[in-house]
Amino acid sequence: MSMPSSYPVVRLKPKANARAIRHGFPWVYDNELVTDRRTKALSPGAIALLEDDNRQPLGLVATNSQSKIFCRMLERDITVQIDQAWFEHKFTRALALRERLYDTDFYRLIHAEADGVPGVVVDRFGDTAVVQPNAAWADKLIESLVAALVSVTGISCVIMNGSGRARGLEGLEERTEVMVGTAPKAPVPVVMNGATYMADLTGGQKTGLFYDQRPNHGFAAKLCKDAKVLDVFSHVGGFSLAALAGGATQATAVDGSAPALALAEAGAEAAGVAARFDTRKGDAFDVLTALGEEGAKFDVVICDPPAFAPSKPALEKGLRAYERVARLAAPLVAEGGYLVLCSCSHAADVARFRGACLRGIGRAGRHAQLLHTGFAGPDHPLMPQLAESGYLKSLFFRL
């Protein structure tokens, strides 16, 4: 295999773990590379040839000298061109998996490293796709990426959502724009688990809807037949609308965002369950505390908060927050009822998260059986070598 001369070279330090890279680990951190003047001069998003300390090629990488993750592995075959045809190959493989899994065109099409497109998320909503290029290289090649997406899927609208914490870590500016076609003027209805969700593709959180909880919504719905349900940190009604589709007698959604609750109400209306649905706007901790003081009881309580531990430095503080959620939520669960606690923090692994939840439940004076541990759906595949790709945990307890 001849070495392409067109790419600059970056090299691992002798102490860096080249074996991990060979065995599939997709990142190289800034402290693992020989950083000379040439390496530091690489523009963010530049593609380079990665070599081990013996000058043996490891693959083509996307580089960003402004990020702690200096290199992201793109391709083991160093003769490949990273162009529209390369994206088309990745998207075709990803699409084949989703078409096997789902009957409708509503799913996560690209889940970053796990689908071989590092730092990139693509969520599909029928004829529209929302792309999050959260790495400098993808931002740089966005035109080729979008052209490949349209070519492979035939979709008529592509929205680039360039917002969020990940872009900040890469030194990228926030920008959102319609790249192809016309953005939907109204929220898009998405049917999952018999419930209808309203996805705001241009003004909502992330890409407009969280597909990752789909199997956990479905499992929760089974516990909710003839039940009174509380859904805290509900966003657009994820668990509460699934609960109503599963036969809940009544569901209350709690969230701090009025627009999110309005979308939840629209979803309840569209599914014909509005009479059994109500919302409560406010800080989740305040509402949980107030409900406790009111002596409120529910058959099923679900808490699906944002990432309290988005990074390793935030881990201990995040675990205390998860413990507090469990402590405030457990007293609201009727005897023999169910408590569902979720975490989307990749820094908190399932054992640490479970420990925090059990401490909270114990501090509330309750005893728990753990029935089920749920993870993200199969349209969010896990890259086994990258623990961060398995970020979502949902614990189902009977109290």
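This is a dialogue between a trainee and a mentor about reading features in a predicted model.

Trainee: Let's start with the sheets. In what order do the five strands of the open sheet stand?

Mentor: The order is S1-S3-S4-S5-S2, and the pairing is mixed. From one strand to the next, the twist averages 40°.

Trainee: Which strands stand at the edges?

Mentor: Look for strands with a single partner. Here those are S1 (9-11) and S2 (27-29), so one side of each has no neighbour in the sheet.

Trainee: How many bridges join S1 to S3?

Mentor: Three bridges join them, and S1 and S3 (residues 47-51) run parallel. You can find the register by looking at Arg11, whose bridge partner in S3 is Glu51.

Trainee: Where do the side chains of a strand point in general?

Mentor: In a regular strand they alternate between the two faces of the sheet. With that in mind, turn to strand S6 (residues 106-111), where six of six residues are buried. S6 pairs with strand S7 (residues 120-125) over five bridges, in the antiparallel sense. Within that pairing, Tyr107 stands opposite Arg124 in S7.

Trainee: And S16: is that strand mostly covered or mostly open?

Mentor: Strand S16 (residues 298-303) is mostly covered, with five of its six residues buried. S16 has parallel pairings with two strands that we can go through in turn. With S13 (residues 228-232) there are four bridges, and Val229 has Val300 in S16 as its bridge partner. With S17 there are five bridges, and the partner of Ile302 in S17 is Val340.

Trainee: What is the handedness of the crossover from S16 to S17?

Mentor: This β-α-β crossover is right-handed, and the chain passes through helix H11 (residues 315-329) on the way.

Trainee: Now the rings. How many aromatic pairs does the structure hold?

Mentor: There are 14 aromatic pairs. In one of them, the ring centres of Trp27 and Tyr29 are 6.3 Å apart and the planes meet at 85°, so the pair is edge-to-face. The cut-off behind that label is a plane angle over 60 degrees. Trp27 is buried, at 10% relative accessible area, whereas Tyr29 is partly exposed, at 29%.

Trainee: And how are the rings of Phe87 and Trp137 arranged?

Mentor: They are stacked, with 5.7 Å from centre to centre and 5° between the planes. Phe87 belongs to helix H3 (residues 84-101) and Trp137 to helix H4 (residues 136-140), so the pair ties together parts that are 50 residues apart in sequence. Both partners are covered: Phe87 is buried at 0% relative accessible area, and Trp137 is buried at 1%.

Trainee: Which residues form the aromatic cluster?

Mentor: Phe233, Phe285, Phe308, Tyr322 and Phe353 form one cluster. Keep Phe285 in view, since Arg324 lies over the face of that ring, at 4.1 Å from the ring centre.

Trainee: Which ring does the charged end of Lys228 sit over?

Mentor: That is Phe298, with the charged end 4.8 Å from the ring centre.

Trainee: Next, backbone angles. What sign of phi do most residues other than glycine have?

Mentor: Most of them have a negative phi. Two residues here are worth a look against that background. Arg55 has a positive phi near 65° and is placed in the loop between S3 and strand S4 (57-63). Phe233, a member of the aromatic cluster, has a positive phi of about 60° and lies in the loop between S13 and helix H8 (238-245).

Trainee: Are those two residues buried or exposed?

Mentor: Arg55 is exposed, with a relative accessible area of 54%. Phe233 counts as buried, because its relative accessibility is 15% and the cut-off for buried is under 20%.

Trainee: One more loop, please. Where is the place of Ser345?

Mentor: Ser345 is in the loop between strand S17 (333-343) and helix H12 (350-363). Being in a loop does not settle the question of burial here: Ser345 has 0% relative accessibility, so it counts as buried.

Trainee: Which residues does Ser345 touch?

Mentor: Leaving aside residues up to four places away in sequence, Ser345 touches Ala307, Phe308, Ala309, Pro310, Tyr322, Tyr391 and Lys393. Two of these names, Phe308 and Tyr322, also appear in the aromatic cluster.

Terms used. Residues numbered from 1 in each chain as written. Predicted model: local features only at pLDDT ≥ 70, side-chain atom pairs only at ≥ 80, totals over all residues. Heavy atoms only, no water. Buried < 20%, exposed > 50% of the residue type's maximum accessible area, 1.4 Å probe, protein only. Pairing = 2+ DSSP bridges. Contact = heavy atoms within 4.5 Å. Phe/Tyr/Trp six-rings, centres within 6.5 Å; stacked < 30°, edge-to-face > 60°. Lys NZ or Arg CZ within 6 Å of the ring centre and 35° of its normal. Axes fitted to C-alpha atoms, helices over the stretch in contact; angles between N-to-C directions. Right-handed = clockwise from strand over helix to strand, strands pointing away.
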